[in-house]
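Q: How should the features of a structural model be read, from the overall picture down to single residues?

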Amino acid sequence: MKKLISAAILSLFVIIAASLTALAADSAAEYEFAEDPDYCSVCADIDKDGSVTVDDARGILRAAVKLNAIPDGDFGRYDANADDEVTIDDARCALRIAVELDDACHQRSRTVTLKEATCAESGRAAFLCAHCGKLYSSAVVPSPGHVSNGRVLVKKSTCTEQGYYEYRCKFCNKLISTQYIDLIDHEWEGVKVSCTKRENTLLTCKNCGAQKMTTTETNNGHTYTLVTVKEATCTEDGLQKWICSVCGKEADKEPEIIKCPGSHRTVTRRVSTVSCRTEGKTVTVCTRCNEILDEEIIPRLPHTVKEGTYTVIKEPTCTEKGSAKYTCSVCMQLITEDVERIEHDTIDGTAKITLPATCLHEGTMIGKCTVCGDYTEVLPKLNHRPSGWTESSAPNCTEKGVEVRRCIECGTVLDTRETEIDPANHDYAETDRIEATCKKAGAVLHTCTRCGKTYTTTLPKKNHIKDPAPVLVEEHPKLGFNVYAYKCAHCGEELERFTKERID
């Protein structure tokens with residue numbers, strides 16, 4: 001009966017060992033198998049005579065009930081069940097071993113993996129004794145088998161080739177099974193519906209290029225919807241046309257005009273703040289179309305000299321600029337700046353302008369200075385004098401015009417602006433003509449070379465030109481006269497008749 005119980009306990013140990021994956025890294029090479037598989041005689045043999053006897057058990061029992069003083073250094077050797085305390089249970093265990101009441105006394109403290117179990121092979125584990133520290137038994141760790149990592153898409157299905165999923169082992173990556181995916185339908189492109197009649201049409205698959213003939217269905221008429229072909233802006237009208245949503249045919253209807261507001265709705269915003277370190281910027285924006293209509297750069301503010309920090313580095317003269325430095329009280333930067341030259345101490349009557357300054361070039365002046373002697377001074381260019389706006393190019397039916405503002409003095413273009421398109425300013429040229437005759441009026445076709453717009457003028461019919469030689473048209477011998485007529489020299493139309501006595 002005891003052997004059956006021991007076998008059951010050993011089987012339980014085997015099952016638990018298979019689940020202790022945290023100990024999988026332990027190596028059996030670090031341990032030694034117990035020579036005696038049945039008895040753990042390391043702790044219980046207190047007299048070290050090589051066997052566990054009744055005397056050993058009695059000694060442990062006496063120590064447990066404190067009949068003898070036990071030195072601290074020997075305390076742990078009597079702890080048979082490894083619970084960090086020598087108790088009566090330890091003595092009883094030793095006594096049972098001594099009188100051979102138990103088949104084994106090894107007590108498991110941990111499990112050691114001898115061989116890892118894999119998807120294809122079983123593993124093996126051993127048990128470490130809590131008393132002697134040796135491996136006293138081993139057991140088979142069953143193989144878990146292949147474990148799927150789930151369905152993984154390897155290839156998508158198309159209209160010509162099947163795709164598939166794979167199921168692989170998440171430990172060894174071995175293919176477990178394959179699941180194929182049905183083909184997808186062709187995506188046919190082409191006319192599938194006709195507005196007026198059934199007809200054969202060729203469809204093409206946009207994925208694989210396969211083709212097939214089919215007979216279109218009919219809607220028994222066009223399905224016209226309003227389609228915006230040009231969006232309205234703040235200044236230009238938009239346009240909508242009636243177009244068939246099936247075949248794209250444009251209806252014979254007047255397009256719908258989308259009226260524009262006629263002007264921008266503006267607001268001015270500051271996008272960056274001006275300071276003594278950075279320029280400022282404001283923009284004028286339309287709140288409807290978000291078009292930026294104008295930008296203005298605000299110059300940087302001048303630095304402010306911090307009191308007591310202004311120092312002249314170099315004194316200016318009448319020939320050279322000086323320099324100075326100071327700390328700005330706003331941005332706390334050290335600023336270095338030029339100090340303008342001082343004026344020449346010109347001797348009276350020696351200053352003379354040799355080249356007057358204009359708005360195109362600088363001028364020059366010479367003179368004599370009491371400090372530096374002869375000098376030549378550069379006179380700055382004059383400012384341009386702007387005129388009013390004048391037309392540079394007229395707007396036409398497709399292009400905006402241009403207006404410019406020039407300098408009155410030199411004619412330099414100072415500013416340019418566009419004028420709106422003039423839809424009436426076409427550039428017509430004769431593209432076809434039908435000449436007039438004395439029977440039918442003519443016509444001349446005029447076409448705009450820019451936008452293609454046309455108009456037709458009529459050429460009046462020409463006057464008949466009377467042929468001076470009359471033509472005999474009727475003979476009346478019994479009556480004694482003939483009938484003659486004058487005809488048009490160009491078209492032969494009869495213009496006038498008269499009779500003339502016959503001369504036989």
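The dialogue below moves from the whole chain to strands, turns and single residues.

Q: Where does the model come from, and what is its secondary structure?
A: The model is predicted. Its secondary structure comes to four helices and 32 strands.

Q: What share of the 504 residues is buried?
A: Burial is judged by relative accessible area, and buried means under 20%. In this protein, buried residues make up 23% of the 504 residues. The accessible surface comes to about 34000 Å², and 50% of that surface belongs to carbon and sulfur atoms.

Q: How much of the contact set links residues 24 or more positions apart?
A: Such a share is taken over contacts with a separation of 6 or more. Here, residues 24 or more positions apart account for 34% of those contacts.

Q: Which way do β18 and β19 run relative to each other, parallel or antiparallel?
A: Strand pairing is read from the bridges between two strands. β18 and β19 run antiparallel and are joined by three bridges. Within this pairing, Thr311 stands opposite Lys325 in β19.

Q: How many bridges join β19 to β20?
A: Six bridges join these two strands, which are also antiparallel. Thr327 stands opposite Leu334 in β20. As for cover, β19 is mostly covered, with five of its six residues buried.

Q: What is notable about the backbone between β19 and β20?
A: The sign of phi is the feature to check in a residue other than glycine. The hairpin of β19 and β20 has six residues between the strands, and Met332 takes a positive phi near 60° there. Met332 lies in the loop between β19 (322-327) and β20 (334-339). With a relative accessibility of 47%, Met332 counts as partly exposed, because exposed requires over 50%.

Q: Where is Asn290, and what is its phi?
A: Asn290 is in the loop between β16 (280-286) and β17 (292-298). Although Asn290 is not a glycine, its phi is positive, at about 65°. Its relative accessibility is 57%, so Asn290 counts as exposed.

Q: Which residues form a nonpolar patch on the surface?
A: A patch is read by taking its member residues and their joint accessible area. Here Val305, Tyr310 and Val312 form the patch, with about 240 Å² of accessible area together. Val312 belongs to strand β18 (residues 311-314). This valine has a relative accessible area of 37% and is therefore partly exposed.

Q: How is the surrounding of a single strand residue such as Thr204 described?
A: One begins with its place and cover, then turns to its neighbours. Thr204 is in strand β9 (residues 200-205), and its relative accessible area of 27% makes it partly exposed. Leaving aside residues up to four places away in sequence, Thr204 touches Glu187, Trp188, Glu189, Gly209, Ala210 and Gln211. The side chains of Thr204 and Gln211 are joined by a polar contact of 3.3 Å.

Q: How far apart are Thr204 and His186, in sequence and in space?
A: Sequence separation and spatial distance are stated side by side. Thr204 and His186 are 18 residues apart in sequence and 8.8 Å apart in space, C-alpha to C-alpha.

Q: Why does Thr419 count as buried?
A: The classification rests on the cut-off of under 20% relative accessible area. Thr419 has a relative accessibility of 17%, so it counts as buried. Thr419 is found in strand β26 (residues 413-419). Its contacts, not counting residues up to four places away in sequence, are Pro395, Lys400, Gly401, Val402 and Glu403.

Definitions and conventions
Residues are numbered from 1 along each chain as its sequence is written. This is a predicted model: local features need pLDDT of at least 70, side-chain atom pairs count only at pLDDT 80 or more; totals for chains, interfaces and linings use all residues. Side-chain values use heavy atoms; hydrogens and water are left out. Patches are made of residues with over 30% relative accessible area and no salt bridge: like charges are joined within 9 Å, nonpolar side chains (Val, Leu, Ile, Met, Phe, Trp, Tyr) within 5 Å. Accessible areas come from the Shrake-Rupley method with a 1.4 Å probe; for residues, only the protein chains shown count as cover. A salt bridge is a side-chain nitrogen of Lys or Arg within 4 Å of a carboxyl oxygen of Asp or Glu. Buried means under 20% relative accessible area, exposed over 50%, partly exposed in between (1.4 Å probe, protein chains only). Contact means heavy atoms within 4.5 Å. A polar contact is a pair of N or O atoms within 3.5 Å; within protein, one must be able to donate a hydrogen and the other to accept it, and residues adjacent in sequence count only if both atoms are side-chain atoms.
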